[in-house]
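Q: I'm new to this model and would like a close look at a single part of it. Please pick the place where a small molecule meets the protein, and spell out the terms as you go.

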Amino acid sequence: MTRRKYIEILLQTGFVAALPGEGFSKVFLKGNSDYFFEKTQFKALEILCQTIIPKSETPGAIDAGVPHFVDMYLKNVVSPENQKLFEKMFAGYLTHLQNLKISFIKTSKVLTAQMEKDEKGEHRQFIKGLKVMVLKGYFMNEKAIRQSFQYVAVPGNYRADISKKELGKMWIN
Amino acid sequence: MSKGTEQHTYDAIVVGSGISGGWAAKEFCEKGLKTLLLERGNEMIHPNYPNALSAPWELDYNNELTVKELEDYPIQQKAWEFGRDNHKLYVKDTNWPYIQKNPFYWFRGNQVGGKSLLWNRNCYRYSELDFEANLKDGHGNDWPIRYADIKPWYDYVERFVGLSGENCELPSLPDQILMPPFEMNFVEKEVKKRIESQYKNIKYIQARAAVLTQAHNGRGPCQARNQCRRGCPYGGYYSSNSGAIPAALATGNLTIRPHSAVESVIFDSSSRTAKGVRIVDTQTKESTEFYGKLISINASAVASTAILLNSTSSDFPDGLGNTNGVLGHYLNDHSDSTGAFGIAEFAADHYSFGQKPNPMYIPRFRNVGEDKQDFLRGYAYECFSERKTWKKGFGQDGIGLDFKKSLSEAGPWEVGFWAICESLPNKDNKMTLSKTEKDPLGIPKIEIDVKFDENTRKMRIDAAEKAKELLESAGMKHVGTYNEDPIPGKTIHEYGSARMGNDPKESILNKWNQIHDCKNVIVTDGACLPSSPCQNPSLTYMALTARAVNHLIEESKKG
Ligand SMILES: Cc1cc2nc3c(=O)[nH]c(=O)nc-3n(C[C@H](O)[C@H](O)[C@H](O)COP(=O)(O)OP(=O)(O)OC[C@H]3O[C@@H](n4cnc5c(N)ncnc54)[C@H](O)[C@@H]3O)c2cc1C
Ligand code: SF4
């Protein structure tokens, strides 16, 4: 599948119009050729990431810069073979969503349910792969870490056996 | 002596500043010898370790390296704890390539301190059983020393280094000088009770490690932060940089020269001694000679052996001290990556805060006392227990808010037993120098040809099955085994390529680690071991170094 074909699918599935204005990466908008995704693909990626990690009392994936992370990660950390594989699976997944005629503009609930279902089905490898990158990106965001955990760089002492109440949030460093 | 020569002349020269070289330098300096410490890698001064205090958000790509960056580290990237945070502490393979006749992972430090900044700090003594093993089962040559010879030096080293952990009075594992360990977590306490009540010959003890639970010699204590792989600014664990080197510098007798790759030892035919070493400066590529009366080679097993092999002369056309062709043979490693894991469901309500750096240990019990197996020697287990947080999400199904919430909760207690298996000395395993290929410094490339044998294969199967049995007996659920195809070098306990022995016909070094045919040169790293018992070896390198250096100094005083 060519990149152009890819973008066509994106346009048809409605990804491009979804989540207007929400955290769209400024750096990405510069249209820098160093990026892995085309603009429209990136928009689709944002929606998928935000569906996996939505905003709650802690940041959502977009606020935490996850789509940008995934883009850079794919571009620079993932091997060329796996990049190709991901591209193929990404396009395949978008086609799959298009075939189901899921509208992303209205609500993300439908997409959440669909992704949950797909994670157990034939798109498992794609969703699992994407989730690994999403988590790596999310949990290197300072705000996400500090709000999700008790971040203490230097504990000073090891408390070997305590209750959940004594601990509070899980410790991380 | 010309002024230039004089400037390059020291009482003692130490090659390599890692775990063993640090000790050699300390002992020489404390006995009043002007000492030159030559190190191939970069300068690295305690406590300024790069990234030691970096937060997760400061390490790009969630602490991974890019494909481009990894091109320089095809082997080092396979190390257990290699990441963006500490990759600069490893050598670039492209700067120091070698030839693998069979797969062999050769991990190397890249700085003053060598791998003492990277190690996992486990420290165990060898026992009488270990020193007698070669003689009794006929594999390898007889060790020229016994436990009584090294015991005072273990004591000496442990007092300086500072170890924490638990003693257990076993014939296969002598007791050590230890400060109290960190407290056990709930899972560890339970597993200990359950295993030790069911198995009379098996102990599940708190690991003995060069980790300070109390301040010691101006270092530590450990802050329970579990970032040891980056170097410890608190001196919470022992490294050459925080321990031996500052002690040597304090005497005023030490000169450290980083970026200095020793290429060979210079032998003086008339005095039948070595008179110095030749180096290549890794930055300028210039060759220089340094002279000294006493020389300690501590570049780590493979690199030390390569220096000897490359030290050819009319007296030693096949390498310094290699009149018997043994040099380079018997190179071997432990094997690991076999064991089992399970889930401690019973501990779900128990949590901990912080992370102690060293967990639990099951000392060797195979082929000890009444136990007899269809393989020789034995293995020990390093025993882990942890609760994951967000990383458990990699394997977990779920999308959306509930999934997100679960990521900040603790996962189940995962418990793993990881075996470290002894491998038998084997003459067919060897390293040589290439006759045709050179590294970027113009030094012949090292060729490594090592394979594990049938004994290792059998032992690994047993280690996995026994781990499963033990975990199940201790109440673990969902127990599974693993037994990966072992690659020599991966355990980073390489040994044997310039072994000690009483008989000069079958060994390179005598019982004081001196080259039989060139007694002012000692080799005290893993190269010197006639066998490598399943205990982690670095404590023994340190003890052998202190012993050998002190003997060398005494002998040189006698003239
Ligand atoms: C991740 C990891 C975990 C480990 N865990 C443990 C453990 O728990 N317990 C344990 O006992 N051991 C452990 N080890 C192994 C331990 O690090 C080594 O046994 C120990 O460092 C060997 O000491 P050494 O002095 O022989 O060599 P090193 O510490 O490697 O030092 C050798 C030094 O010599 C320098 N050098 C090499 N060639 C030359 C040359 N030609 N000229 C000048 N300098 C040269 C090197 O740059 C290096 O600085 C571990 C190692 C790693 C990497
Ligand atoms: S866990 Fe302890 S020993 Fe390890 S780096 Fe931290 S303070 Fe140092």
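A: Here is a walk around ligand 1, ending with one residue of a strand that helps to surround it.

First, some ground rules. This is a predicted model, where local features need pLDDT of at least 70 and side-chain atom pairs need 80 or more, while totals for chains, interfaces and linings use all residues. Residues count from 1 along each chain as written, chains are lettered from A and ligands numbered from 1 in the order written, and side-chain values use heavy atoms, without hydrogens or water.

Now for the ligand itself. Ligand 1 has 36 residues around it, meaning residues with a heavy atom within 4 Å of it. The closest are Ser20(B), Glu39(B), Asn120(B), Val262(B) and Ser538(B).

Take Ser538(B) from that list: one of its polar side-chain atoms sits 2.8 Å from an oxygen atom of ligand 1. The backbone joins in as well. For Ile19(B), a backbone N or O atom is 3.2 Å from a ligand oxygen, and for Arg121(B), a polar backbone atom is 3.2 Å from an oxygen of ligand 1.

How much of the ligand does the protein cover? On its own, ligand 1 exposes 990 Å², and the protein buries 96% of that (Shrake-Rupley areas, 1.4 Å probe).

Which parts of the chain build this shell? Helix 2 (19-30), strand 6 (260-268), helix 9 (301-310) and helix 12 (538-558), which belong to chain B, each give two or more residues to it. Helices here are DSSP runs of H or I with at least four residues, and strands are runs of E with at least two.

As for the mix of residues, the shell has 14 nonpolar, 17 polar and five charged ones. In this scheme Asp, Glu, Lys and Arg are charged, Ala, Val, Leu, Ile, Met, Phe, Trp, Tyr, Cys and Pro are nonpolar, and the others, including Gly, are polar.

Let's finish on strand 6 of chain B, where you'll find Ser260(B). Is Ser260(B) buried or exposed? Ser260(B) counts as buried because its relative accessibility is 1%, and the cut-off for buried is under 20%, with exposed being over 50%.

What packs against Ser260(B)? Setting aside neighbours within four places in sequence, Ser260(B) is in contact (heavy atoms within 4.5 Å) with Leu38(B), Glu39(B), Arg40(B), Ile279(B) and Val280(B). You've met Glu39(B) already, since Glu39(B) is listed among the closest residues to ligand 1.

Methods: Polar contact = N/O pair within 3.5 Å; in protein donor to acceptor, adjacent residues only side chain to side chain. Buried < 20%, exposed > 50% of the residue type's maximum accessible area, 1.4 Å probe, protein only.
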